[in-house]
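Visitor: Hi, could you walk me through this one? I'm new to it, so plain answers would help.

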Amino acid sequence: FVSCMRRSMSEAASVLRGKRCFIFDLDGTLTVPVHDFAFIRRQLGIPQGQDILRFIAAQPAPQREELSRQIVEWENELALKTVAAPGCVELLHTLHAQGKKMGIVTRNMRHNALQALDHMQVRHLFVAEHVLGREEAAAKPAPDALHQLMAAWQADAADTVMVGDHAHDLEAGRNAGVVTVHVNTLGEQAVHWPELTDILVTSLEDIVRDIA
């Protein structure tokens with residue numbers, strides 16, 4: 001797929017309007033970011049820069065279980081603080097009204113994701129089985145969860161978009177062969193991954209305008 005980052009906004013909009021399946025990351029994409037990963041690494045003794053889930057998975061069973069328990073506790077607390085990102089509620093309602101398929105792929109637990117959706121009052125827009133956490137499929141950047149959703153929808157990569165704010169999201173999309181949308185709300189302060197990004201937006205409100 002030729003990057004839409006170098007195309008006009010109207011061309012990017014045409015691409016998005018032609019898709020029938022939208023897969024979203026949750027934290028920092030549909031929600032205002034609240035995760036302080038540097039803090040949690042310090043609290044759990046995980047070296048800075050290391051992937052948290054991979055580090056935990058590599059530990060001996062007793063330590064792995066205790067670290068996993070602490071992560072779940074932390075995620076439960078954050079789910080109750082969830083705030084919808086600008087444009088999130090309007091975007092989800094618009095896609096739902098258009099009959100689009102919608103799913104979420106998160107590195108959190110599914111029950112945390114559903115709790116966050118409840119908190120944002122948008123859970124009714126999703127089929128619970130189409131909200132996939134780290135227990136339902138290999139964590140991003142693996143494409144397994146995306147393939148799982150596309151199979152459930154009887155869709156292929158040409159039908160599908162992956163929307164996220166992190167390299168894990170975009171790489172998962174690349175690995176699945178779908179169009180990738182990078183939601184960059186931080187402007188020039190943010191890290192960019194042009195090799196993984198087909199469409200770059202500054203907020204979900206941009207997508208609302210594109211698909212209206």
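**Helices and strands**

Guide: Let us start with two helices, bearing in mind that this is a predicted model: helix α7 (residues 144–153) and helix α8 (residues 167–176) have axes that come within 8 Å and cross at roughly 55 degrees. Because of that angle, α7 counts as oblique to α8.

Visitor: And the crossing of α7 and α8, is that left-handed or right-handed?

Guide: The crossing of these two helices, α7 and α8, is right-handed.

Visitor: Which residues of α7 and α8 meet there?

Guide: From α7 there are L146, H147 and M150, and these meet A172, G173 and A176 in α8.

Visitor: Switching to strands, is β4 mostly covered or uncovered?

Guide: Strand β4, which spans residues 160–164, is mostly covered, with 5 of its 5 residues buried. T160, M162 and G164 point one way from the strand, while V161 and V163 point the other way, and all of them are buried.

Visitor: What does β1 do with β4, and how many bridges join them?

Guide: Strand β1 (residues 21–24) runs parallel to β4 and is joined to it by 4 bridges, and F24 stands opposite V163 in β4.

Visitor: What about β5, how does that pair with β4?

Guide: β4 and strand β5 (residues 179–183) also pair in the parallel sense, over 4 bridges, and V161 has V179 in β5 as its bridge partner. To get from β4 to β5, the chain crosses through helix α8, and this β-α-β crossover is right-handed.

Notes:
Residues numbered from 1 in each chain as written. Predicted model: local features only at pLDDT ≥ 70, side-chain atom pairs only at ≥ 80, totals over all residues. Heavy atoms only, no water. Buried < 20%, exposed > 50% of the residue type's maximum accessible area, 1.4 Å probe, protein only. Pairing = 2+ DSSP bridges. Right-handed = clockwise from strand over helix to strand, strands pointing away. Axes fitted to C-alpha atoms, helices over the stretch in contact; angles between N-to-C directions. Parallel < 35°, antiparallel > 145°, perpendicular 65-115°, else oblique. Left-handed = near helix turned anticlockwise from the far one by under 90°. Contact = heavy atoms within 4.5 Å.
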